[in-house]
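Biologist: I'd love a friendly walk through this model. Shall we look at it together and ask some questions as we go?

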Amino acid sequence: MNVCLNFKKINKNNYQNFINKKNQSMFNKFKLVDFSDRVIFVPHCMRNTKMCKAKDEGSYYTCMQCNECKIAEIFSLSKELGYKKFYIMKGGKAIHNILKHEKPKAIIGIACFFEGAQAIKMTDKEKILVQFIPLLKDGCCDTDVDLEEAKKIISLK
Ligand code: SF4
């Protein structure tokens with residue numbers, strides 16, 4: 001393995017350790033937050049871009065539940081449980097404004113380890129509880145998440 005790949009792996013391991021520790025440290029308090037005070041953020045790269053009917057809302061998309069990707073099922077569960085809001089984010093920068101506007105007590109974020117670590121640092125400042133779900137396969141498109149794991153975390157109470 002070359003130096004560059006080694007460096008990437010070390011960084012990924014650092015982010016992974018940081019996120020695992022944060023998830024564990026907030027787990028018990030997170031479970032006590034009402035669903036109506038929680039917001040979910042998922043990345044746009046999880047969409048099936050060839051088929052997606054999601055509505056473009058500027059910095060995020062609203063899922064139209066065409067059932068062509070796993071987001072539809074995650075969105076359905078969030079509505080069923082009574083989550084405050086659900087966002088398909090185009091990037092992490094807009095999250096700060098959404099947090100200021102929605103004022104959730106807790107959030108669930110699905111993202112790659114790097115984006116997840118940045119979001120957790122931001123929510124730490126705002127004192128918002130977080131559970132982060134890492135992507136199984138990251139990248140710029142056709143990313144994937146463990147749906148059963150995501151549903152388990154989303155249903156935590
Ligand atoms: S389920 Fe939602 S996010 Fe997924 S492809 Fe359809 S409209 Fe897009």
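Modeller: Happy to! This is a predicted model, and we can begin with Lys103, which has 12 other C-beta atoms within 10 Å.

Biologist: Is Lys103 buried or exposed?

Modeller: A residue counts as exposed if 12 or fewer other C-beta atoms lie within 10 Å of its own. Lys103, in the loop between α3 (95–102) and β5, has 12 such atoms, so Lys103 is exposed.

Biologist: What is the phi of Lys103?

Modeller: Lys103 is not a glycine, yet its phi is positive. The value is about 50 degrees.

Biologist: And Lys127, is that one buried or exposed?

Modeller: Lys127 sits in the loop between α4 and β6, and its phi is positive too, about 60 degrees, although Lys127 is not a glycine. Around Lys127 there are 7 other C-beta atoms within 10 Å, so Lys127 is exposed.

Biologist: Let's turn to the sheet. Which strands stand at its edges?

Modeller: The sheet is open, has six strands with mixed pairing, and runs in the order β2-β3-β4-β1-β5-β6. Each edge strand has a single partner, so one side of it is left without a neighbour in the sheet. The edge strands are β2 (55–56) and β6 (129–134).

Biologist: Which residue in β5 is the bridge partner of Ile40?

Modeller: Strand β1 (residues 38–43) pairs with strand β5 (residues 106–111) in the parallel sense, over four bridges. On its other pairing, β1 joins strand β4 (residues 85–89), also in the parallel sense, over five bridges, with Val42 opposite Ile88. Back in β5, the partner of Ile40 is Ile108.

Biologist: How many residues of β1 are buried?

Modeller: Both faces of this strand are covered. One side carries Arg38, Ile40 and Val42, while the other carries Val39, Phe41 and Pro43, all of them buried. That makes the count six of six.

Biologist: Which element gives the most residues to the largest nonpolar core?

Modeller: That core has 40 residues, and those touching the most other members include Ile40, Phe41, Val42 and Val130. Several elements each supply at least two residues, among them α1 (3–31), α2 (71–81) and α4 (113–126). The element giving the most, with five residues, is β5.

Biologist: Last one: which residues of β5 does Val130 contact?

Modeller: Leaving aside neighbours within four places in sequence, Val130 is in contact with residues including Lys22, Met26, Ile120 and Thr123. Since β5 covers residues 106–111, its residues in contact with Val130 are Ala106, Ile107 and Gly109.

Technical notes: Residues are numbered from 1 along each chain as its sequence is written. This is a predicted model: local features need pLDDT of at least 70, side-chain atom pairs count only at pLDDT 80 or more; totals for chains, interfaces and linings use all residues. Two strands pair if DSSP finds at least two bridges between them. A residue is buried if 20 or more other C-beta atoms lie within 10 Å of its own, exposed if 12 or fewer, and partly exposed in between; C-beta atoms are placed from the backbone. A nonpolar core is a set of buried Ala, Val, Leu, Ile, Met, Phe, Trp, Tyr and Cys residues joined through C-beta atoms within 7 Å. Two residues are in contact if their C-beta atoms, placed from the backbone, lie within 7 Å.
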